[in-house]
Each structure stands twice: as structure tokens, then as C-alpha cells.
Amino acid sequence: AIFPCLLVALSTALFLGLLLQQRRADLGGLLGSSEVTEVALVVAHPDDEAMFFWPTLLQLRARAVKVSVLSLSNGNYDGLGKTREKEMKDCLLRLDVEDLVILDEEGLQDGWRSWDEELVAKRVHDWLEVRN
């Protein structure tokens with residue numbers, strides 16, 4: 001599961017970097033700007049938001065930036081999907097992040113297989129479309 005997760009994390013970082021590239025030049029950096037009002041975060045599964053993005057999320061919320069989070073799976077590899085969903089919701093509620101979507105579909109299950117890149121791109125695109 002490490003390869004698909006790494007692929008999603010790197011793809012997401014590249015995707016968000018490209019989206020923000022023009023704005024970054026104008027704003028002097030995402031976290032240093034008071035003009036940024038909303039940020040979208042896409043993670044592979046619950047706990048990624050805490051393990052990899054917690055300091056950034058803390059800074060964004062301290063600046064009252066609205067954060068929306070999409071988890072591409074519910075982390076059900078060991079049959080603990082519902083527990084991990086609750087943990088993620090509780091974690092993000094500590095930052096008053098209420099816009100959370102956790103997907104639980106056959107093609108995006110946690111485990112030792114890779115995900116279809118087109119499916120990942122479609123789910124992320126559809127999720128972003130709703131927020132624009």
C-alpha cells in the first residue's frame with residue numbers, strides 16, 4: 001500500500017503545486033498570505049492528514065483559512081474502516097474542519113495494490129468541481 005499512497009501523495013502535491021503556481025507568485029507563499037481563504041487537501045487514507053500535514057493545517061486554520069479534505073479511501077485494509085473514518089473526523093474537528101469526504105469504493109480500497117490513476121483523477125476532479 002506504500003506505493004499507491006506515495007503515488008497519490010506525490011501526484012496530489014504536484015497537482016496542487018501546478019494549481020497554485022500562478023497564485024503563489026502573486027501571494028509570496030501560501031502560508032504567508034492573508035489573501036488565501038480556502039485550501040483543498042487530498043490524502044490517500046485516514047491518518048495521512050495528521051502524519052504528513054498537521055503543522056500546515058494548524059497554520060492554515062490559525063489564519064482562518066477554510067480547509068476541505070478528501071480521503072480517497074477509508075483505510076479499511078484491516079477491517080477498521082469505520083473506526084478510521086471516525087478517528088479522522090474527530091481529528092479534523094479539533095481544527096474546526098467540517099468539510100470532509102471519505103470515499104469507500106471498490107476501486108480505491110486500502111491494501112497492497114495500485115489504484116487506477118484515471119479513477120483517482122476523476123474522484124479528485126469531481127470533488128473539486130463541487131467546491132468551486
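Here are some exercises on a predicted model of a protein chain, each with a worked solution.

## Exercise 1: Get your bearings

Find how many helices and strands the protein chain has, and in which order they run.

**Solution.**
Step 1. Go through the secondary structure: you should end up with four helices and three strands.
Step 2. Now start at the N terminus and write down each element in turn. The pattern reads α-β-α-β-α-β-α.
Step 3. Add a look at the whole chain. It has 132 residues, and 40% of them count as buried.
Step 4. Finally, look at contacts between residues at least 6 apart in sequence. Of these, 72% join residues at least 24 apart.

## Exercise 2: Two helices side by side

Work out how helix H2 and helix H3 pack: at what angle, and with their axes how far apart?

**Solution.**
Step 1. Know what to look for. Two packed helices are described by the angle between their axes and the distance between the axes.
Step 2. Locate the pair: H2 covers residues 48–62 and H3 covers residues 81–93. Their angle is about 10°, and the axes lie 12 Å apart.
Step 3. Turn the angle into a word. Angles under 35 degrees count as roughly parallel, so H2 is roughly parallel to H3.
Step 4. Add the handedness: the crossing of H2 and H3 is right-handed.
Step 5. Pick out who does the touching. H2 brings Glu 49, Ala 50, Trp 54 and Leu 57, while H3 brings Met 88, Cys 91 and Leu 92.
Step 6. Sort these residues by type. You get six nonpolar, no polar and one charged.

## Exercise 3: Follow the charges around Arg 84

Find which residues are linked with Arg 84 in a network of salt bridges, and say where they sit.

**Solution.**
Step 1. Recall the idea: side chains of opposite charge can pair when their charged atoms come close. This structure holds eight salt bridges, and we'll follow a few of them.
Step 2. Take the pair Arg 84 and Asp 47. Their closest N and O atoms are 2.9 Å apart, and they form a salt bridge. Arg 84 belongs to helix H3, whereas Asp 47 sits in the loop between strand E1 (38–43) and H2, so this pair ties together parts 37 residues apart in sequence.
Step 3. Now try Asp 110 with Arg 84. Here the closest N and O atoms are 3.7 Å apart, and again there is a salt bridge. Asp 110 is in the loop between strand E3 (99–102) and helix H4 (117–131), 26 residues from Arg 84.
Step 4. Put the pieces together: Asp 47, Arg 84 and Asp 110 are linked in a network of salt bridges.
Step 5. Check how covered they are. Arg 84 has 15% relative accessibility, so Arg 84 counts as buried. Asp 110 is buried too. Asp 47 comes out at 30%, so Asp 47 counts as partly exposed.

## Exercise 4: A salt bridge at H4

Describe the salt bridge of Glu 105 with Arg 123: how far apart are the closest N and O atoms?

**Solution.**
Step 1. Read off the gap: the closest N and O atoms are 2.8 Å apart.
Step 2. Place both partners. Glu 105 lies in the loop between E3 and H4 and Arg 123 lies in H4, so the pair ties together parts 18 residues apart in sequence.
Step 3. Compare with the cut-offs: partly exposed sits between 20% and 50%. Glu 105, with 22%, is partly exposed. Arg 123, with 25%, is partly exposed.

## Exercise 5: Positive phi

Say where Asp 47 and Ala 64 lie, and what phi each one has.

**Solution.**
Step 1. Asp 47 is back, in the loop between E1 and H2. Its phi is positive, about 95°, although Asp 47 is not a glycine.
Step 2. Ala 64 is in the loop between H2 and strand E2 (66–71). Its phi is near 60°, also a positive value in a residue other than glycine.
Step 3. Ask about Ala 64: buried or exposed? Its relative accessibility is 61%, so Ala 64 counts as exposed.

## Exercise 6: The surroundings of Leu 103

Find which residues Leu 103 touches, leaving out those up to four places away in sequence.

**Solution.**
Step 1. Find Leu 103 in the loop between E3 and H4.
Step 2. List its contacts: Leu 70, Ser 71, Leu 72, Ser 73, Asn 74, Leu 108 and Arg 123.
Step 3. Look closer at Asn 74. Its C-alpha atom is 6.2 Å from that of Leu 103, with the two residues 29 apart along the chain.
Step 4. Check the accessibility: Leu 103 is buried, at 17%.

Terms used:
Residues numbered from 1 in each chain as written. Predicted model: local features only at pLDDT ≥ 70, side-chain atom pairs only at ≥ 80, totals over all residues. Heavy atoms only, no water. Axes fitted to C-alpha atoms, helices over the stretch in contact; angles between N-to-C directions. Parallel < 35°, antiparallel > 145°, perpendicular 65-115°, else oblique. Left-handed = near helix turned anticlockwise from the far one by under 90°. Contact = heavy atoms within 4.5 Å. Nonpolar A, V, L, I, M, F, W, Y, C, P; charged D, E, K, R; others polar. Salt bridge = Lys/Arg side-chain N within 4 Å of Asp/Glu carboxyl O. Buried < 20%, exposed > 50% of the residue type's maximum accessible area, 1.4 Å probe, protein only.
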